[in-house]
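Hi there,

Here is the structure I promised to pass on to you. Please open it beside this email, and my notes will follow below.

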Amino acid sequence: MKFTFVTLFPNLIEPYFHDSILKRAIDSNFISYEFYNPRDFTTNKHKKVDDQMVGGGAGMLLTCQPLFDCLNEIKSKDSNAYIIFPLAAAKPFRQNDAKRLAKKENIVFVSGRYEGIDERVIEKYANEVFSIGEFVLTGGELPSLVMADAIARNVKSVLGNADSLDVESYENNLLEAPSFTKPEIFQKLSVVKEFLKGNHSKISDLKIQMSKCKTKYYRPNKEKR
């Protein structure tokens, strides 16, 4: 799988791929990434990519021309490129989306800046739009990274043990149960005793009950999805 990031600030994204699981996935050719900068496509002699909003309003918007030309080039190289816009005004990104999108070959994340992106760009090119939460950020780079990470973990072979995916939060509509390491007692805080007895069937049942309790506490109105 390839992640393509359209951003004015590639350096905000690239370091995240230099360590840990995603670096190993890149080294093993399970995933790859590339960048496109809208400034490389602007026809403005001053390399401007933003302008004032029509009808007034504070802040500047990324304009159509650089993004149209940029996305046209991406699509000309890969007609199956799947374009996603991280937006505050969009549907929530969920684990099921990460699993579904992990089957795509090339996902393009278009990161907005300033007050956002001219809506015509979104209308013309978006395959999907997502929000990662009910808050506003200064740009789309962090949401793009969040989604890329969540998606990459579901790409085959990226995780060393694929079974890890089965017990994570949001599987079976539950939050993940608590986990523990050695020692059994640390500063008078003890591991749940049932976990120490080696009865994996009982441990599994207990973890399910703990998942249900945690979900009820943190997500009292969690709906079936």
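From strand E6, Asn106, Val108 and Val110 point one way while Ile107 and Phe109 point the other way, and all are buried. Buried means under 20% relative accessible area, with exposed over 50% and partly exposed in between (1.4 Å probe, protein chains only). In a regular strand the side chains alternate between the two faces of the sheet. E6 covers residues 106-110; strands (E, at least two residues) and helices (H or I, at least four) are DSSP runs, numbered from the N terminus.

Please keep in mind that this is a predicted model: local features need pLDDT of at least 70, side-chain atom pairs count only at pLDDT 80 or more, and totals for chains, interfaces and linings use all residues. Residues are numbered from 1 along each chain as its sequence is written, and side-chain values use heavy atoms, leaving out hydrogens and water.

Which strands pair with E6 (pairing takes at least two DSSP bridges)? Strand E1 (residues 2-6) does so in the parallel sense over five bridges, with Phe3 opposite Ile107. Strand E5 (residues 82-92) also runs parallel to E6, joined by three bridges, and here Ile84 stands opposite Phe109.

Phe109 and Phe3 turn up again in the largest nonpolar core: of its 25 residues, these two, Ile31 and Ile151 touch the most other members. Such a core is a set of buried Ala, Val, Leu, Ile, Met, Phe, Trp, Tyr and Cys residues joined through side-chain atoms within 4.5 Å. Its largest share, six residues, comes from helix H5.

Enjoy exploring!

Technical notes
Pairing = 2+ DSSP bridges.
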